[in-house]
Amino acid sequence: MLCNNNSRSPLCSFGSPWPDLNEGLFYNDVVSTSSDSGLTLIHFYSSKYKNSAPLQGWLQRIHNGQITIDGEVVKEPKAILRDGMELVYHRLPWREPDAPYLLQVLYEDDDMVALNKPPGLQVLPGGLFQQRTVLMQLQWRASKGSSSLAIQGSHPVPVHRLGRGTSGILLCAKTKVAKTSLAAYFADGTSLIGDSSNANMEQSKRRKISKIYRALVNGILNQDKIIIKQPIGTMRYPGVAKGLYVASPSGKPALSKVEVLERDSQLNQTLVQVEIESGRPHQIRIHLSFIGHPLLGDPLYDVGGQPMCFDSEHEDESFAEDGR
């Protein structure tokens, strides 16, 4: 059933259909004396943001009137920039990939709401998904006054992430105070990863929130239980501006506890349960592929926790920027 204005019933749902086009994006820059002052408008954008578009692409954007300087539209590519100028590039609205919009409420009170996130829905804006996110549905719900989210001072926001392709329980805060408290619970013990002292091991066991997942992997795991401590860092990767997360000895500490639930020798698959004590992006996918058992159907990570060979004809930037 759908949630009514005062509903606290479990297993109700809410959500608004997505508009055909999103609202586009605005990117802000301020010209600095040391590096940017004196450059032409086209040189500034085509050199600083060459991964966004080639030279001809930026020329077209300028001619389209998508860039303003100090609030005024400028269509002259050779306009000279001066220190302190405020630049805004407007990325035009686009149709985002299909995504579900209904969210099932598992629990709700005045401080938080626990949702059953469906696969295919991104939690926070990123990549091609700027509007079709859990965050946007929470904000729309609050603005419509469909629950206690609409109280004064509300601040609806997810306090952790689940990958776009992952389904599961997602905790969301309704206020800034609740967000701070819940975020602290999730962070509790993360800094201890990699520290094997008895005191820190005991503290880790007393965590207030545990994150447990199930995954279907390629191949048969021989051991019933495995602890993976492979650090996770980033590498340069086409289509991912900030770098792709991979298994890396110079990365941040990460710990996953894997337990075999079922082996299917006929299909050469294993169902596992994974508890993660850190929350690095792509952690489960990277760790399981690192030990030689990538997630079934994962198009990105191969054995060793590294990406498959990049093929520009099959680039899927949104998946690469996906969560776990």
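Here is a short walk through a helix, the strands around it and one residue elsewhere in the chain. Keep in mind that this is a predicted model.

Let's start with helix 4, which covers residues 176–187. Its twelve residues should span 16 Å at 1.5 Å a residue, and the end C-alpha atoms are indeed 16 Å apart, so expectation and model agree. Three of its residues, Ala-178, Leu-182 and Phe-186, are buried. Look down the axis of helix 4 and the buried residues fall within an arc of 70 degrees, so they line one face of the helix. Turned away from that buried side is a face with the exposed residues Lys-176, Val-177 and Thr-180.

What sits over the buried residues of helix 4? The cover includes strand 7 (112–117), strand 9 (168–173) and strand 10 (211–218).

Strand 10 is worth a stop of its own. In a regular strand, side chains alternate between the two faces of the sheet. Strand 10 does just that: Lys-211, Tyr-213, Ala-215 and Val-217 point to one face and are buried, while Ile-212, Arg-214, Leu-216 and Asn-218 point to the other and are not buried. Strand 10 also pairs with strand 15 (residues 269–276), in the antiparallel sense and over eight bridges. Within that pairing, Ala-215 has Val-272 of strand 15 as its bridge partner.

Now over to strand 2 (residues 25–30), where you'll find Leu-25. With a relative accessible area of 19%, Leu-25 falls under the 20% cut-off, so it counts as buried. Leaving aside neighbours within four places in sequence, Leu-25 is in contact with Tyr-89, His-90, Arg-91, Trp-94 and Gln-130. Take Tyr-89: 64 residues separate it from Leu-25 in sequence, yet their C-alpha atoms are 8.1 Å apart in space.

Key
Residues numbered from 1 in each chain as written. Predicted model: local features only at pLDDT ≥ 70, side-chain atom pairs only at ≥ 80, totals over all residues. Heavy atoms only, no water. Helix = DSSP H or I, 4+ residues; strand = E, 2+ residues; numbered from the N terminus. Expected span 1.5 Å × (residues − 1). Buried < 20%, exposed > 50% of the residue type's maximum accessible area, 1.4 Å probe, protein only. Arc of directions from axis to C-beta. Contact = heavy atoms within 4.5 Å. Pairing = 2+ DSSP bridges.
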